[in-house]
Amino acid sequence: MDSKDMQVIGVCRFSYPALGGFQVEHETAEDRMAFLYAPERMEERFRLFEAFTLPPLRAQTDPDFTFLVIVGDTMPDAYRARLEQLLADIPQTVVAAYPPAPHRDIMKVAINAVRRESKHHCLQFRMDDDDAVNIRFVERLRERVNDVHTLIRRNKNVAIDFSQGYIASAGPEGIKGKPTMEHLWTAGLAMTVSPKSDITILNFGHSKMGKFMPVVSFAGEDMFIRGHNDFNDSRQKGAKPLNLPLLDAEDEAHFKRVFNIDADHVRALFS
């Protein structure tokens, strides 16, 4: 088993109006779309996507991956055009539009639509549209898979959990953030899928993956940023405010080196 032969698929739902899959529920698909496509919310999503999510994908040391961005087929044309413009210089990107549908069912269809037929395992990771990964994420994922190849060979799925990273927010002052150690957070989480299985990483609630498969965790390197902002789905139920310190010059240099995220660009985006 050699991970260089495995397809790596990263999945990001960009304001896709799924039926289910959100902590905050809506009565109808129309209500959900009205919430998701509200101008204030979309402006924040686009700025965070540009500030956090895309820079490290552009700089991946292993460029052999697919970045699947799933959107609704009723996304307003102006938003779709803006999204495609942001993604134009990332050749690994596939933008796929689907109608509102049950979350896990449609994610299974979407992910398997870009999965190549292969005798090798598939590696999948998931990101929210305000998350980021280390510029070595794909490289490190393949290395860790090689480390645990026996476990992977014996199981339909194995979760690869990078547990060290940051929680961060962006604004006119720059980046606020602090280090964190968390298991099974979305941005640092990947999963192997055996060749004969059509299960995907979005078939499982990320925090519960250990109930369904072995989980192997790795620390020692900052591998993810979890975005923190007003429109996080998890923050729509009265979550307590989180006070994050402004990064100093040394931290900003670390973010640039590890995540290819430029604090000056962040300040310009949010000014």
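Me: Two strands pair if DSSP finds at least two bridges between them. With that in mind, which four strands form an open sheet here, and in what order?

Reply: Keep in mind that what you see is a predicted model. In it, four strands form an open sheet in the order β5-β11-β7-β8, and their pairing is mixed. The edges are taken by β5 (132-133) and β8 (174-181), and each of them has a single partner strand, so one side of each is left without a neighbour in the sheet.

Me: In which sense does β7 pair with β11, and how does β7 run against β8?

Reply: Follow the strands one pair at a time. Between β7 and strand β11 (residues 224-227) there are four bridges, and the pairing is in the parallel sense; along this pair I167 stands opposite R226, and A168 stands opposite G227. On the other hand, β7 and β8 run antiparallel and are joined by eight bridges, with A170 placed opposite I175 in β8. These two strands, β7 and β8, form a hairpin that has two residues between them.

Me: How many residues of β7 are buried?

Reply: A residue is called buried when its relative accessible area is under 20%. Eight of the eight residues of β7 are buried, so this strand is largely enclosed by the rest of the structure.

Me: And the loop before it: is S163 buried or exposed?

Reply: S163, which lies in the loop between β6 (157-162) and β7, has a relative accessible area of 2% and is therefore buried. If you leave aside its neighbours within four places in sequence, the residues in contact with S163 are T180, M181, E182, H183, F218, A219 and F224.

Me: How should I read the pair of rings formed by Y166 and F255, and why does it count as edge-to-face?

Reply: Look at the ring centres and at the angle between the planes. For Y166 and F255 the centres are 4.9 Å apart and the planes stand at 75°, so the pair is edge-to-face, since planes over 60 degrees apart are classed that way. The pair links distant parts of the chain, because Y166 belongs to strand β7 (residues 164-171) and F255 to helix α7 (residues 249-259), 89 residues apart. Both Y166 and F255 are buried. A search of the whole structure finds ten aromatic pairs, and one aromatic cluster is formed by F14, F46, F49 and Y79.

Me: Which rings have an arginine lying over the face?

Reply: Two cases can be found on the model. R47 lies over the face of F270, at 5.9 Å from the ring centre, while R144 lies over the face of F218, at 5.4 Å from the ring centre.

Me: Which members of the largest nonpolar core touch the most other members?

Reply: This core has 40 residues, and those touching the most other members are F14, F49, F67 and L141. Its largest share, five residues, comes from helix α2 (residues 39-58). A second, separate core of 25 residues includes V11, V114, L184 and M191. To see one member of the largest core in its surroundings, take F67: apart from neighbours within four places in sequence, F67 is in contact with residues including G10, C12, F49, L87 and M127.

How values were computed: Residues numbered from 1 in each chain as written. Predicted model: local features only at pLDDT ≥ 70, side-chain atom pairs only at ≥ 80, totals over all residues. Heavy atoms only, no water. Core = buried A, V, L, I, M, F, W, Y, C linked by side-chain atoms within 4.5 Å. Buried < 20%, exposed > 50% of the residue type's maximum accessible area, 1.4 Å probe, protein only. Contact = heavy atoms within 4.5 Å. Phe/Tyr/Trp six-rings, centres within 6.5 Å; stacked < 30°, edge-to-face > 60°. Lys NZ or Arg CZ within 6 Å of the ring centre and 35° of its normal.
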